[in-house]
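Biologist: Could you help me see how the words we use for a protein model are earned? I would like to go through a few of them with you.

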Amino acid sequence: MSSESSYEEDVTVNPWVLERFAERYFRSSKKGVFSGKKVPLRKLLVWQKGNLRTALTKDCSNSDAGHMFKAIQMFMGDRNCKKDPMTMAVKVIEKAILGPDLSIRDEIYCQLCKQLTHNPDREGSEYNGWDLLCLCVQYFPPSNKLFNDLMAFFNEYLKLTTDEKLPDYAKFCLRICPKTQKIGARGRVPTVDELNGLLDSPFKFAVFGSTLEEIMEIQEEFAPDEDIPLVLTALAQAVIDLDGEQTEGIFRVPGDAEQVTRLRICIENGEYEIPEDIVDAHIPASLLKLWMRELEKPIIPEEKYLDAIAAAQNESVEDALKIYKKLPKLYRRVVRFVVNYLRHMAKEENVPVTKMSIANLSMVFAPNFLRCPSEDPSVIFTTQKHQQTFVRLLIENL
C-alpha cells in the first residue's frame with residue numbers, strides 16, 4: 001500500500017491543518033540531502049520511514065528530536081524495538097515532563113502528527129501512534145502557540161465515522177488536551193504498568209473528567225439505586241476504613257502518586273473495592289480531591305461563582321444557602337454529601353490528631369468546590385480566601 005492510499009479514501013480529512021503552525025515555527029533551513037533544495041513544507045508533515053535528520057521545530061535540538069523520533073517509531077512499530085514498546089512511551093513522556101528543554105513537547109506532538117499523516121498502515125502503526133498521542137495528552141500539554149492547531153488536527157479525525165477507532169481517539173484528545181493545558185504537566189513519570197492501564201481510556205467511559213450527569217447516566221447500568229456517583233461514596237468510605245479520621249494531615253498531605261494513579265486505574269476499570277495492599281488513607285483522600293477537581297463542571301457551577309464569592313465577602317450564610325438551594329438536584333445531593341462528610345471528618349475528637357479543622361478542610365477543598373473562571377493569576381490569588389470562606393459557610397451551616 002502506498003503512503004497516499006489510505007488517505008485517498010478519507011476525502012473528508014484535511015491532513016494539512018498544522019501547515020500554518022509549520023510555516024511559522026518549523027525550521028526553514030532544512031535542505032534535501034543531495035539537491036541542496038528546501039524540502040517542501042508538506043513533505044515534513046507526512047509519515048516517513050527513515051531517520052529524522054533535523055528537528056521539525058526551530059527551538060528543539062536535533063539530538064533530542066532524533067532520539068524522540070526513534071522512540072516514537074519504535075512504539076508505533078515503524079522501527080525494530082527489542083524492548084517492550086511501552087518503555088518507549090515512558091521515554092517520550094519522561095523527556096517531555098522532566099525536560100529540561102520544554103520545547104521538546106511541541107516537537108513530540110508535531111512528530112506524532114507527522115507520523116499519523118498519510119500513514120500506510122492504519123490498523124498497525126497509525127493506531128499505535130494514536131495510542132501514544134492519547135497517553136501524551138494525559139501527561140503534558142502543548143505550548144499555547146501549538147494548542148489551537150493541534151486541536152484542529154484532532155477535530156479532523158471526528159469526520160472519519162466509518163473507522164472504528166479514529167473518532168474515539170480524536171474525541172478523547174479533544175476532551176483531555178484542554179484540561180492538561182490548564183493544569184500543566186504531571187509531576188511524575190509514569191510506569192509501564194500505569195500506561196498499559198490507560199491504553200483503553202479512549203474507548204470507555206471516564207469516571208474522571210466527565211460531568212456529574214454523564215457519570216450518573218452510565219452508573220444507572222450497574223448501580224441504579226445510587227443517587228450520587230459511586231466513586232465519591234467509595235473513596236469517602238475508604239478514607240474512613242483506613243483510619244483517615246485519625247490520620248494527621250488527612251486531605252492535606254498527598255498520597256503516594258504511583259499508588260494514587262493505580263487506584264484511579266482500578267476505579268476507571270469499574271473496580272470500586274480498594275485493593276488490600278493500599279493501607280494509607282492519604283491515597284483515597286488524594287484521589288477523592290482529584291476526582292472533584294477534574295470534573296468537567298465543578299459541583300458549584302461556574303455560573304454561580306461570582307455569587308458565591310459575593311456571599312463569602314459578606315460572610316452571608318443566607319446567600320450561601322440560597323446558592324445551594326438553586327443548584328440542580330444532582331449537584332445539591334453531591335454538595336450535601338461532601339459537606340456532611342467534611343463536617344464528620346472535622347469532629348472535635350478528630351481534629352487534635354488530624355490537625356484538620358473546618359477551616360483547614362475548607363482551605364484544601366475550596367478549589368474542588370469552586371473553579372475560578374478567570375485565568376488571571378492576580379484574580380485567582382485574590383479570590384482564594386473567599387472560596388475558602390464560602391466552603392466554610394456551607395460546612396458550618398448546611
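**How the labels are earned**

Modeller: Gladly! Keep in mind that this is a predicted model. Let's begin with Ser103, where a polar atom of the side chain lies 3.2 Å from the backbone oxygen of Asp59.

Biologist: What makes the pair of side chains Ser103 and Asp101 a polar contact?

Modeller: The two side chains are joined at 2.8 Å. The cut-off for such a pair of N or O atoms is within 3.5 Å, so the name fits.

Biologist: And how do you know whether Ser103, in helix 6, is buried or exposed?

Modeller: Its relative accessibility is 17%. Buried means under 20%, so Ser103 counts as buried.

Biologist: Why is Asp225 called exposed?

Modeller: Asp225 has a relative accessible area of 78%, and exposed means over 50%, so the word is right. Asp225 sits in the loop between helix 11 and helix 12, and it belongs to a negative surface patch that includes Glu226 and Glu296.

Biologist: Why is the pair Asp163 and Arg122 called a salt bridge?

Modeller: Their closest N and O atoms are 3.5 Å apart. The limit is within 4 Å, so the pair qualifies. Asp163 is in a loop and Arg122 in helix 7, so the pair ties together parts 41 residues apart in sequence.

Biologist: What makes Glu315 partly exposed?

Modeller: Glu315 has 44% relative accessibility. That falls between the limits of 20% and 50%, so Glu315 counts as partly exposed. Glu315 also meets Arg392 in a salt bridge, at 2.8 Å from N to O.

Key
Residues are numbered from 1 along each chain as its sequence is written. This is a predicted model: local features need pLDDT of at least 70, side-chain atom pairs count only at pLDDT 80 or more; totals for chains, interfaces and linings use all residues. Side-chain values use heavy atoms; hydrogens and water are left out. Patches are made of residues with over 30% relative accessible area and no salt bridge: like charges are joined within 9 Å, nonpolar side chains (Val, Leu, Ile, Met, Phe, Trp, Tyr) within 5 Å. Accessible areas come from the Shrake-Rupley method with a 1.4 Å probe; for residues, only the protein chains shown count as cover. A salt bridge is a side-chain nitrogen of Lys or Arg within 4 Å of a carboxyl oxygen of Asp or Glu. Lys and Arg count as positive and Asp and Glu as negative; His and the chain ends are not counted. The place of a charge is taken as NZ of Lys, CZ of Arg, CG of Asp or CD of Glu. Helices (H or I, at least four residues) and strands (E, at least two) are DSSP runs, numbered from the N terminus. Buried means under 20% relative accessible area, exposed over 50%, partly exposed in between (1.4 Å probe, protein chains only). A polar contact is a pair of N or O atoms within 3.5 Å; within protein, one must be able to donate a hydrogen and the other to accept it, and residues adjacent in sequence count only if both atoms are side-chain atoms.
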